[in-house]
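Visitor: I am new to this structure and would like a close look at a single part of it, with its surroundings explained step by step. Could you take one helix and work outward from there?

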Amino acid sequence: MARGSLCIAQVGVPLHSLLRHMHRMIITLLLGDRSINEKLCILIVDDNRIMAKILQDIFRVKGHEAEVAHSGSEALGKLERSCFNCVLSDIKMPDIDGIDLYKAIKTHQPDLPVVLMTAYNADKL
């Protein structure tokens with residue numbers, strides 16, 4: 001996948017199973033040829049505070065820095081003030097949805113990897 005590409009995948013597995021494997025999937029996607037042990041700084045964007053905390057804990061336990069934003073506008077503010085290796089964002093959010101957040105990020109930081117996720121299936125997007 002080329003830098004700046006948008007990839008949306010629908011995964012039909014239970015949440016607990018997905019969370020178990022999410023760290024490796026995302027880190028492998030983001031690191032490419034770099035070492036799997038490289039520490040990343042990840043911005044997690046999700047209006048669901050429980051899901052955001054679970055993801056933050058997963059990445060921290062694996063040795064990465066993880067910051068949380070609970071809205072698209074909060075994420076844009078954090079991106080202006082801090083440097084991140086990637087953004088992991090929910091698609092369905094009330095103020096700025098994940099697709100619009102992706103577009104805003106790519107306008108200012110075209111090489112920043114953005115992974116979009118959702119609990120909804122494709123026909124509900």
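Guide: In helix H3, which covers residues 72-81, the buried residues are Gly-72, Ala-75, Gly-77, Lys-78 and Leu-79. This is a predicted model, and in it the cover over those buried residues of H3 includes the strands S1, S2 and S3 as well as helix H4.

Just ahead of H3, in the loop that links S2 to H3, lies Ser-71. With a relative accessibility of 15%, Ser-71 counts as buried, because that value falls under the 20% cut-off. The side chain of Ser-71 makes a polar contact, at 3.3 Å, with the side chain of Ser-73. Once neighbours within four places in sequence are left aside, Ser-71 is in contact with Val-45 and Asp-95.

Val-45 leads on to the sheet, where it stands opposite Ser-89 in S3. Strand S1, residues 41-45, and strand S3, residues 86-90, pair in the parallel sense, and four bridges hold the pairing. The sheet to which they belong is open and has four strands in the order S2-S1-S3-S4, with parallel pairing. The edges are taken by S2 (65-69) and S4 (114-117), each of which has a single partner strand, so one side of each is left without a neighbour in the sheet. From one strand to the next, the twist averages 20°. As a general point, strands of a sheet pair through backbone hydrogen bonds, in either a parallel or an antiparallel sense.

At the S4 edge, S3 and S4 run parallel and are joined by four bridges, and the bridge partner of Val-87 in S4 is Val-114. S4 is covered on both faces, with Val-114 and Leu-116 buried on one side and Val-115 and Met-117 buried on the other.

Two further helices can be placed against this sheet. Helix H2 lies across S1, S2, S3 and S4, and runs at about 170° to S2. Helix H4, residues 98-108, packs on the sheet as well, where it touches S1, S3 and S4, and its direction makes about 175° with that of S4.

H2 can be followed in some detail from its start. There, a side-chain oxygen of Asn-48 reaches to within 3.0 Å of the backbone nitrogen of Ile-50. The 13 residues of H2 (residues 49-61) should span 18 Å at 1.5 Å a residue, and because the C-alpha atoms at its ends are 18 Å apart, the expected and modelled spans agree. The buried residues in H2 are Met-51, Ala-52, Leu-55, Gln-56, Ile-58 and Phe-59. Seen down the axis of H2, these buried residues fall within an arc of 160°, and therefore they line one face of the helix. The face of H2 turned away from that buried side carries the exposed residues Arg-49, Ile-50 and Val-61. After H2 comes Gly-63, which has a positive phi, near 95°.

Stepping back to the chain, there are four helices and four strands, and along the sequence they follow the pattern α-β-α-β-α-β-α-β. Of the 125 residues in the chain, 40% are buried. Among contacts between residues at least 6 apart in sequence, 65% join residues at least 24 apart.

Technical notes. Residues numbered from 1 in each chain as written. Predicted model: local features only at pLDDT ≥ 70, side-chain atom pairs only at ≥ 80, totals over all residues. Heavy atoms only, no water. Helix = DSSP H or I, 4+ residues; strand = E, 2+ residues; numbered from the N terminus. Expected span 1.5 Å × (residues − 1). Buried < 20%, exposed > 50% of the residue type's maximum accessible area, 1.4 Å probe, protein only. Arc of directions from axis to C-beta. Polar contact = N/O pair within 3.5 Å; in protein donor to acceptor, adjacent residues only side chain to side chain. Pairing = 2+ DSSP bridges. Axes fitted to C-alpha atoms, helices over the stretch in contact; angles between N-to-C directions. Contact = heavy atoms within 4.5 Å.
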